[in-house]
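Open the model in your viewer and keep the sequence panel beside it. The stops below say what to select and what is found there.

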Amino acid sequence: MKLSKPSTSRAQIGTFIKSSSAHVIEILGLSSLDFGVLDAEHAPLDRSVLDLLMLAGRAANWPLIVRIPDTAASTILSVLDIGAAGLLVPHVDSAQQARSIISKARYRNGERGFSSSPRAARYGTLSMQQCLSSAEDTLVIAQIESEAAVDSIEDILSVDGIDGIFIGRADLALSFGLDDPKHALITRATEHAMKSARTAGKIAGIAVGNVMERDTYAALGANWIVVGSDQSLLRQAAEAAASCQVV
């Protein structure tokens with residue numbers, strides 16, 4: 001399932017998925033969210049779970065990106081074979097890293113091993129040429145999470161196949177020796193990275209904790225925004241329900 005790139009008129013809004021319930025995917029797929037990000041980096045989602053959640057995403061006609069735990073060729077191959085709409089790749093610090101990731105995600109001029117048997121090839125019903133062309137549409141978004149990445153932002157964005165960047169403010173803060181992702185230095189670095197992405201005509205992504213931050217960063221140019229997670233949405237809804245008291 002393909003995920004279209006953000007338009008100039010409206011940011012695409014999604015959320016992280018950290019639980020292993022296919023029902024959560026189906027339910028969120030009925031919402032107005034544009035996409036979900038299966039968080040295989042920070043949540044206990046192995047290949048079998050990712051495969052099941054991907055099926056649920058297809059049933060709900062809801063595009064799913066996978067935030068991968070590492071950039072091993074086998075990891076990238078596995079995620080793409082099960083039919084992910086794209087990759088969110090943590091800790092991309094240089095153009096060289098970005099080129100290596102694209103090579104692992106592509107058949108043509110790349111390293112990705114070909115098989116006609118997985119879901120991505122519709123279980124043998126697509127021709128080899130169709131599979132090769134489909135792979136070119138997979139979104140690849142590089143997470144910017146270090147001072148080195150910010151310094152190399154234009155070079156990373158210039159890599160053919162990198163569709164955009166996604167700011168990880170917590171790790172970015174740690175890289176600067178800070179413990180506050182809302183520190184002014186991090187805000188300036190974030191705004192610089194987003195402006196660079198928009199200038200390059202690519203995705204300017206960021207994770208936020210609430211709708212106020214969503215609107216703030218959308219106004220600053222973010223066009224691909226991940227708001228919280230299934231966990232935080234559930235917790236916030238529960239807290240809101242519990243706060244209603246009869247007097």
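Select helix 3 (residues 73-81) in this predicted model. Its buried residues are T75, I76, S78, V79, L80 and D81. Show what lies over them: the cover includes helix 2, strand 3, strand 4 and helix 4. Then step past the end of the helix to G83, which follows helix 3 and has a positive phi, near 105°.

Keep helix 3 selected and add the strands on either side of it in the chain. Strand 3, helix 3 and strand 4 make a β-α-β unit, and this unit is right-handed.

**Strand 3 and its partners**

Now select strand 3, residues 64-67. In a regular strand the side chains alternate between the two faces of the sheet. Which residues of strand 3 lie on one side, and which on the other? L64 and V66 are on one side, I65 and R67 are on the other, and all of them are buried. Both faces of strand 3 are therefore covered, with buried meaning under 20% relative accessible area.

Add strand 2, residues 35-39. Strand 2 and strand 3 pair in the parallel sense, over 4 bridges. To find one of the bridges, pick V37, whose bridge partner in strand 3 is I65. Between strand 2 and strand 3 the chain passes through helix 2 (residues 47-59), and this β-α-β crossover is right-handed.

Next add strand 4, residues 86-89. Strand 3 and strand 4 run parallel and are joined by 3 bridges. Pick I65 again: its bridge partner in strand 4 is G86.

**The loop after strand 2**

Select E41, in the loop between strand 2 and helix 2. Not counting residues up to four places away in sequence, E41 touches R67, I68, P69, P90 and H91. Draw a C-alpha to C-alpha distance from E41 to P90: the two are 49 residues apart in sequence and 8.2 Å apart in space.

**Helix 4**

Move to helix 4, residues 95-105. Colour A95, A98, I101, I102, S103, K104 and A105, which are its buried residues. The elements that cover them include helix 3, strand 4, strand 5 (139-144) and helix 7 (153-157).

Follow the chain into the loop between helix 4 and helix 5, where R122 is placed. Although R122 is not a glycine, its phi is positive, about 55°. R122 counts as exposed because its relative accessibility is 51%, and the cut-off for exposed is over 50%. Y123 is found in the loop between helix 4 and helix 5 as well. Y123 is not a glycine either, and has a positive phi of about 55°. With 55% relative accessibility, Y123 counts as exposed.

**T138**

Go on to T138, in the loop between helix 5 (128-135) and strand 5. Is T138 buried or exposed? T138 counts as buried, because its relative accessibility is 9%. Leaving out residues up to four places away in sequence, T138 touches L80, A85, G86, R106 and D163. Two of these names have come up before: L80 is one of the buried residues of helix 3, and G86 is the bridge partner of I65.

**S19**

Return towards the start of the chain and select S19, in the loop between strand 1 (12-17) and helix 1 (22-29). S19 counts as partly exposed because its relative accessibility is 22%. Apart from its neighbours within four places in sequence, S19 is in contact with V24, L45, L53 and D230. A C-alpha to C-alpha line from S19 to A241 spans 21 Å, and the two are 222 residues apart in sequence.

**The largest pocket**

For the last stop, show the largest pocket, which has a volume of about 430 Å³. Of the 22 residues that line it, the closest to its centre are F16, R169, A170, A207 and V208. Which elements give two or more residues to the lining? They are strand 6 (164-167), helix 8 (169-175), strand 7 (203-208) and strand 8 (224-229). Strand 8 gives the most, with 4 residues. Colour the lining of the largest pocket by class to see 9 nonpolar, 6 polar and 7 charged residues.

Conventions. Residues are numbered from 1 along each chain as its sequence is written. This is a predicted model: local features need pLDDT of at least 70, side-chain atom pairs count only at pLDDT 80 or more; totals for chains, interfaces and linings use all residues. Side-chain values use heavy atoms; hydrogens and water are left out. Buried means under 20% relative accessible area, exposed over 50%, partly exposed in between (1.4 Å probe, protein chains only). Two strands pair if DSSP finds at least two bridges between them. A crossover is right-handed if, with the strands pointing away from the viewer, the path from the first strand over the helix to the second runs clockwise. Contact means heavy atoms within 4.5 Å. On a 1 Å grid over the protein atoms alone, a cavity is a set of points where a 1.4 Å probe fits but cannot get out, and a pocket is an open set with protein on both sides within 12 Å along at least five of seven lines; lining residues have an atom within 4 Å of a point. Grid points are joined across faces, edges and corners, and a volume is the space filled by probe spheres set on the points. Ala, Val, Leu, Ile, Met, Phe, Trp, Tyr, Cys and Pro count as nonpolar, Asp, Glu, Lys and Arg as charged, and the others, Gly among them, as polar.
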